[in-house]
Amino acid sequence: MIEFKVSGMNCQHCVKVITESLHAFDAHARVDVNLERGHVTVDSTQPRAALKAAIEDAGYTVNQ
Ligand SMILES: [Cu+2]
């Protein structure tokens, strides 16, 4: 499991956009977005840096 702290997420649209961006990169990734905590958890064999880039490409800021 790879966890990111992401800012700018505030609704189900954000959840959908981030999930789709990660799935475009890794179709088999299991993605869990927690809006309340501002966390995105990804279960993927891809490198962390690439998953981070996918979230950033969706228009969000990854803080850690
Ligand atoms: Cu939103």
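Here a trainee and a mentor talk through a predicted model and the terms used to describe it.

Trainee: What makes Cys11 and Cys14 the protein donors of the copper ion?

Mentor: Their SG atoms lie 2.0 to 2.2 Å from the copper ion. A donor must be an N, O or S atom within 2.8 Å of the metal, so both sulfur atoms qualify.

Trainee: Why is cysteine 11 called partly exposed, and why is cysteine 14 called buried?

Mentor: Buried means under 20% relative accessible area and exposed means over 50%, with partly exposed in between. Cysteine 14 has 5%, so the word for it is buried. Cysteine 11 has 31%, which falls between the two limits, so the word for it is partly exposed.

Trainee: Good, now the inside of the protein. Which residues touch the most other members of the largest nonpolar core?

Mentor: They are Phe4, Val6, Met9, Ile18, Leu22, Val40 and Ile55, out of 18 residues in that core. The elements giving two or more residues to this core are strands S1 (2–7), S2 (30–34) and S3 (39–43), together with helices H1 (12–25) and H2 (48–57). H1 gives the most, with 4 residues.

Trainee: What is isoleucine 18 in contact with, beyond its neighbours in sequence?

Mentor: Leaving aside residues within four places in sequence, isoleucine 18 is in contact with Val6, Met9, Val33, Val40, Ile55, Ala58 and Tyr60.

Trainee: Let's turn to the sheet. How do you know that S2 and S3 are paired?

Mentor: Two strands pair if there are at least two bridges between them. S2 and S3 have 5 bridges, so they pass, and they pair in the antiparallel sense. Among the residues facing each other, aspartate 32 has threonine 41 in S3 as its bridge partner, and asparagine 34 stands opposite histidine 39 in S3.

Trainee: What about S1 and S4, with 2 bridges: why do they count as a pair?

Mentor: The rule asks for at least two bridges, so 2 bridges are enough. S1 and S4 run antiparallel, and valine 6 stands opposite valine 62 in S4. S1 is also joined to S3, by 4 bridges, with isoleucine 2 opposite valine 42 in S3.

Trainee: What makes S2 and S4 edge strands?

Mentor: The 4 strands form an open sheet in the order S2-S3-S1-S4. S2 and strand S4 (61–62) each have a single partner strand, so one side of each is left without a neighbour in the sheet.

Trainee: How do you know that the side chains of S2 alternate?

Mentor: Val31 and Val33 point to one face and are buried, while Arg30, Asp32 and Asn34 point to the other and are not. In a regular strand the side chains alternate between the two faces of the sheet.

Trainee: Why do you call S3 mostly covered?

Mentor: Count its residues: 4 of the 5 in S3 are buried. Helices lie across the strands too: H1 lies across S1, S2 and S3, at about 155° to S2, and H2 lies across S1, S3 and S4, at about 30° to S1.

Trainee: Two loop residues caught my eye. Why is serine 44 called buried?

Mentor: Serine 44 is found in the loop between S3 and H2. Its relative accessible area is 16%, under the 20% limit, so serine 44 is buried.

Trainee: And what makes its meeting with aspartate 26 a polar contact?

Mentor: The limit is 3.5 Å between N or O atoms, one able to donate a hydrogen and the other to accept it. The side chains of serine 44 and aspartate 26 make such a contact at 2.5 Å, which is within that limit. The backbone nitrogen of glutamine 46 also lies 3.0 Å from a polar atom of the serine 44 side chain.

Trainee: Why, then, is arginine 37 called exposed?

Mentor: Arginine 37 has its place in the loop between S2 and S3. Its relative accessible area is 51%, and exposed means over 50%, so arginine 37 counts as exposed. Its side chain makes a polar contact with the side chain of histidine 39, at 3.3 Å.

How values were computed. Residues numbered from 1 in each chain as written. Predicted model: local features only at pLDDT ≥ 70, side-chain atom pairs only at ≥ 80, totals over all residues. Heavy atoms only, no water. Donors = N, O, S within 2.8 Å, 3.2 Å for Na, K, Ca; no water. Buried < 20%, exposed > 50% of the residue type's maximum accessible area, 1.4 Å probe, protein only. Core = buried A, V, L, I, M, F, W, Y, C linked by side-chain atoms within 4.5 Å. Contact = heavy atoms within 4.5 Å. Axes fitted to C-alpha atoms, helices over the stretch in contact; angles between N-to-C directions.
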